[in-house]
Amino acid sequence: MGTPVKDVVLKADALAVLLLDKHSDYIASYGSKKDDYEYCMSEYLRMSGIYWGLTVMDLMRQLHRMNKEEILQFVKSCQHECGGVGASIGHDPHLLYTLSAVQILSLYDSLHVIDVDKVVQYVKGLQQEDGSFAGDKWGEIDTRFSFCAVATLALLLPDVCYSWWVLASLKIIGRLHWIDKDKLSRFILACQDEETGGFADRPGDVVDPFHTLFGVAGLSLLGDQQIKPVNPVFCMPEDTLRRIGIQPELLC
């Protein structure tokens, strides 16, 4: 065999320090050069570009240098009536840029800027019969879009029933200690209706049996002694499973 070819050769005097100040200056100045050729030609992915820039600035503790109000107004202007968000003003909505928009607003704790309910409906409307997601109304299918859909809804999706799905999964793999039990318990309890009873998907919404089950089952997994132990695989009481001859401890 011949000598392997190196893809990269580092010089002996190559930099070995992180130039954080230089990087933050670069990102801070990038958005101000709106007449630059590179900036104009990248309009088709502007929303994602803003997300990239804001996130790296936040990681470098420099988010305060970005023009928050201008960015929030831009994101708001890119949402369409259908709920989806485009890459820039006047561009068609797409799942990729909808996720970027939600990520941007999450960085600023400003999801109220857009119509969140419409975003949720837009994302749900892109799901296909086989469970996959299209990127937009034209129907291109890609595994990236399934990730984008799940990520978008997760950033928007405090929901009691997802407390159950996550808790049950962690219980099955023996990692329930990864969850902040007190905070999650407070969230679930806040979804109760004090007058009628029942649980909603989130505080203030209308209660229903679906979320009532998963709210109570979630509290069971969190160790609430007022509730029977629930099995995370079947979402049924463990004593019921034992009564019909199934040993719950062998399922996890």
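Trainee: Which residues of helix 3 are buried?

Mentor: This is a predicted model, and buried here means under 20% relative accessible area. In general, an α-helix has 3.6 residues a turn, so residues three or four places apart point the same way. The buried residues of helix 3 are Arg46, Met47, Ser48, Ile50, Gly53, Leu54 and Met57.

Trainee: How many Å apart are the end C-alpha atoms of helix 3, and why is that the value to be expected?

Mentor: Helix 3 covers residues 46-59, a run of 14 residues. At 1.5 Å a residue, these should span 20 Å, so the model agrees with the expectation. The end C-alpha atoms lie apart by 20 Å.

Trainee: Which residue just after helix 3 takes a positive phi?

Mentor: The phi in question is about 60°. It belongs, just after the end of helix 3, to arginine 61.

Trainee: Which element gives the most residues to the largest nonpolar core?

Mentor: The largest nonpolar core has 37 residues, and those with the most contacts inside it are Met47, Leu54, Met66, Val75, Leu95 and Val123. Two or more residues come from each of helix 3, helix 4 (68-77), helix 5 (95-107), helix 6 (116-125) and helix 7 (143-156). With seven residues, the element that gives the most to this core is helix 5.

Trainee: With which residues is leucine 54 in contact, leaving aside its neighbours within four places in sequence?

Mentor: Leu54 is a buried residue of helix 3. It is also among those with the most contacts inside the largest nonpolar core. Beyond its sequence neighbours, leucine 54 is in contact with Leu63, Met66, Ile71, Ile104, Leu107 and Tyr108.

Trainee: How many residues does the second, separate core have?

Mentor: Among the members of this second core are Leu167, Ala168, Leu176 and Leu184. The number of residues in it is 18.

Trainee: At what angle do the axes of helix 8 and helix 10 cross?

Mentor: Helix 8 comprises residues 160-172 and helix 10 residues 209-221, and their axes come within 8 Å. Helix 8 passes helix 10 in a left-handed crossing. The contact includes Trp164 and Leu167 of helix 8 and Phe214 and Leu221 of helix 10. The axes cross at roughly 40°.

Trainee: How many residues of the contact of helix 8 with helix 10 are nonpolar?

Mentor: Three residues of this contact are polar and one is charged. The nonpolar residues number ten.

Trainee: How many helices does the protein have?

Mentor: Read along the sequence, the pattern is α-α-α-α-α-α-α-α-α-α-β-β-α. Beside two strands, the number of helices is eleven.

Definitions and conventions: Residues are numbered from 1 along each chain as its sequence is written. This is a predicted model: local features need pLDDT of at least 70, side-chain atom pairs count only at pLDDT 80 or more; totals for chains, interfaces and linings use all residues. Side-chain values use heavy atoms; hydrogens and water are left out. Helices (H or I, at least four residues) and strands (E, at least two) are DSSP runs, numbered from the N terminus. The expected span of a helix is 1.5 Å times one less than its number of residues. Buried means under 20% relative accessible area, exposed over 50%, partly exposed in between (1.4 Å probe, protein chains only). A nonpolar core is a set of buried Ala, Val, Leu, Ile, Met, Phe, Trp, Tyr and Cys residues joined through side-chain atoms within 4.5 Å. Contact means heavy atoms within 4.5 Å. Axes are lines fitted to C-alpha atoms, for helices over the stretch in contact, and angles run from 0 to 180 degrees between N-to-C directions. A crossing is left-handed if the near helix is turned anticlockwise from the far one by less than a right angle, and right-handed if clockwise. Ala, Val, Leu, Ile, Met, Phe, Trp, Tyr, Cys and Pro count as nonpolar, Asp, Glu, Lys and Arg as charged, and the others, Gly among them, as polar.
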